[in-house]
Amino acid sequence: MPMQPWFREAKLGIFVHWGVYAVGGVPESWSFYTGQVSHERYMKQLDGFTASRYDPRAWAELFARAGARYAVLTARHHDGVALWDSAQGGLDVVRHTPAGRDLLAGYADALRERGLRVGLYYSHSDWNHPDYASLRHPGPDQEPANPLSHAQPGQEDPAAWTRYLAYRDGQVGELVDRYRPDLLWFDGEWERTEEQWGLDALAALILAGNPDTVLNARMLSHGDYATPEQGVPLQAPDGPWELCLTVNDSWGFQHQDHNHKSVRQLVRYFTETIGAGGNLLLDVGPREDGTIPAEQAERLTGLGAWIARHAEAVYGTGAGLPPGHHYGPSTLSADRRTLYLVCFDTPRETVSVRGLRNRVRRVSVLGTGAELGHRVTGGLADVPGVTWLDAPAARDVDEYATVLAVELDGELDLYRGTGRA
């Protein structure tokens, strides 16, 4: 299926890691898998998960204010605890926690009310399911295998694995049928091969229910886009992609983690990502009661305010100049006739653009409209000179990142050669 246009145009999504792990503030699923906490202590958190202040409309309002066009909520992480009333057995918050209700329906409805696309995260793996550790990944780098995820040598049980796949497919089918997500964000794929996962059948099931569903790369050959984590790639992946990034250092809520990125840092991550043609999926971790920590909400609001001031350089644009042409990220308008140059630091005297063959018609500061002078120096034969843009006045400099709109006399035309021999 061709990639859905809305995804490329979205630019910003909000990732939400919410589950029973927020009760104790421990790492989601991994804490019991690695032995950081005992399995008993981890599962005891079921008793404290209340969702007592969960307001999906407030979430949707915050996400829209941040400038996001979609969100992705952890419907079920590796711990197997589903946030909806699943008929497939296993663990869910309706039957096993004080929350006692489906937490996905309100989320999906609230996002759609605000015009946001609905994404759901689902882990292929379930370290609590009795049939899960019934197979082994055949790869040589899988030793030693954790008994929560892999059968011990010689103890494989194909029948149990068949039951597990039926359970997984049944749950994914419920998500598709009940909530019709625009995007399914899978995880856990490293623990089995594509054939073992039965991804051909799973993809067919999903697309039969909604052929427009976007799938991330952790559906392996059936994925629509790449999903790098926690760092802007130095070379952008081929095709559509999305950087998932935490606001602090944790995916889910952790009481001790106060190392939140500043708004200025988030603006840098965001502009570097969209300047290379990707989306940013920015993660927050609500408390067990469903409230998003104030420090994280403040940062989403701050990022959204910057995006609102510079929306012209964000929405309806594509990747900008390749590295080496401008000291910073940039985006390019859909008609390829306007460059948007991002300046993280206060420009001094001039801002340069190298390799630009076009004549510049006009330069202005986005957000204030101030017009800037420009000129070209140097150049020889086919090698263009350097285009110099006058630095904006102090009153036109943005607190986090200043954007200069460079209007060209035609579609962007760059010199990429090595110069005269």
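This is a short walk through one structure, covering its strands, its aromatic rings, and its pockets and cavities. The model is predicted, so please keep that in mind throughout.

I will start with strand β6, which spans residues 183-187. Five of its five residues are buried, so the strand is mostly covered. Look at the side chains on the screen. L183, W185 and D187 point one way from β6, while L184 and F186 point the other way, and every one of these is buried.

β6 has two neighbours I want to mention. With β5, β6 pairs in the parallel sense, over five bridges. With strand β7, residues 214-215, β6 also pairs in the parallel sense, here over two bridges. In that second pairing, L184 of β6 stands opposite L215 of β7. In the pairing with β5, the bridge partner of Y121 is W185.

That brings me to the rings. How many aromatic pairs does the structure hold? The count is 26. One of them is formed by Y121 and W185, the bridge partners just named. Their ring centres lie 5.8 Å apart and their planes differ by 15°, and the pair is stacked. Along the chain, Y121 and W185 are 64 residues apart, with Y121 in strand β5, residues 117-123, and W185 in β6, and the pair links distant parts of the chain.

Are Y121 and W185 buried or exposed? Y121 has 1% relative accessibility, and because buried means under 20%, Y121 counts as buried. W185 has a relative accessible area of 1% and is buried too.

A second ring pair makes a useful contrast in setting. The rings of Y164 and Y167 have centres 5.5 Å apart and planes at 50°, so this pair is tilted. Both residues lie in helix α8, residues 158-179, three residues apart, about one turn of the helix. Y164 and Y167 are both buried.

Rings also join up in a group. Ring pairs link W30, F32, Y33, Y42, W127 and W190 into a cluster.

Two arginines sit over rings. R69 lies over the face of Y315, 3.7 Å from the ring centre. The charged end of R76 sits over the ring of Y122, at 4.3 Å from its centre. Keep R76 in mind, as that residue comes back when I reach the cavities.

Next, the open sheet. Which strands form it, and in what order? Six strands take part, in the order β10-β11-β12-β18-β14-β15, and the pairing is antiparallel. The edge strands are β10, residues 317-319, and β15, residues 371-372, and each of these pairs on one side only. At the β10 edge, three bridges join β10 to strand β11, residues 330-333, and the two strands run antiparallel. There, T317 stands opposite S333 in β11.

Now the spaces. The largest pocket holds about 370 Å³ of space. Its lining has 17 residues, and E272, G275, A276, L321 and P323 lie nearest its centre. By class, that lining divides into 10 nonpolar, six polar and one charged.

The second largest pocket holds about 210 Å³. Residues lining it include H326, Y327, C343, F344, D345 and R348. Strand β13, residues 350-353, gives the largest share of this lining, with three residues. The classes here are five nonpolar, four polar and two charged.

As for enclosed spaces, the model has three cavities of 30 Å³ or more. The largest cavity has a volume of about 50 Å³. R76, the arginine over Y122, is one of the residues lining this cavity, and others among them are W18, Y21, H77 and D79. In this lining, five residues are nonpolar, three polar and two charged.

One last residue is L111, in helix α7, residues 104-113. At 1% relative accessibility, L111 counts as buried. L111 and E61 are 50 residues apart in sequence, and their C-alpha atoms are 8.4 Å apart in space.

To recap with one item to find on the screen: go to W185, which is the bridge partner of Y121 and also forms a stacked ring pair with Y121. From W185, follow β6 to L184, which stands opposite L215 in β7. That is all I have.

Key: Residues are numbered from 1 along each chain as its sequence is written. This is a predicted model: local features need pLDDT of at least 70, side-chain atom pairs count only at pLDDT 80 or more; totals for chains, interfaces and linings use all residues. Side-chain values use heavy atoms; hydrogens and water are left out. Two strands pair if DSSP finds at least two bridges between them. Helices (H or I, at least four residues) and strands (E, at least two) are DSSP runs, numbered from the N terminus. Rings of Phe, Tyr and Trp (its six-membered ring) pair if their centres lie within 6.5 Å; planes under 30 degrees apart count as stacked, over 60 as edge-to-face and the rest as tilted. Buried means under 20% relative accessible area, exposed over 50%, partly exposed in between (1.4 Å probe, protein chains only). A charge sits over a ring if NZ of Lys or CZ of Arg is within 6 Å of the ring centre and within 35 degrees of the ring normal. On a 1 Å grid over the protein atoms alone, a cavity is a set of points where a 1.4 Å probe fits but cannot get out, and a pocket is an open set with protein on both sides within 12 Å along at least five of seven lines; lining residues have an atom within 4 Å of a point. Grid points are joined across faces, edges and corners, and a volume is the space filled by probe spheres set on the points. Ala, Val, Leu, Ile, Met, Phe, Trp, Tyr, Cys and Pro count as nonpolar, Asp, Glu, Lys and Arg as charged, and the others, Gly among them, as polar.
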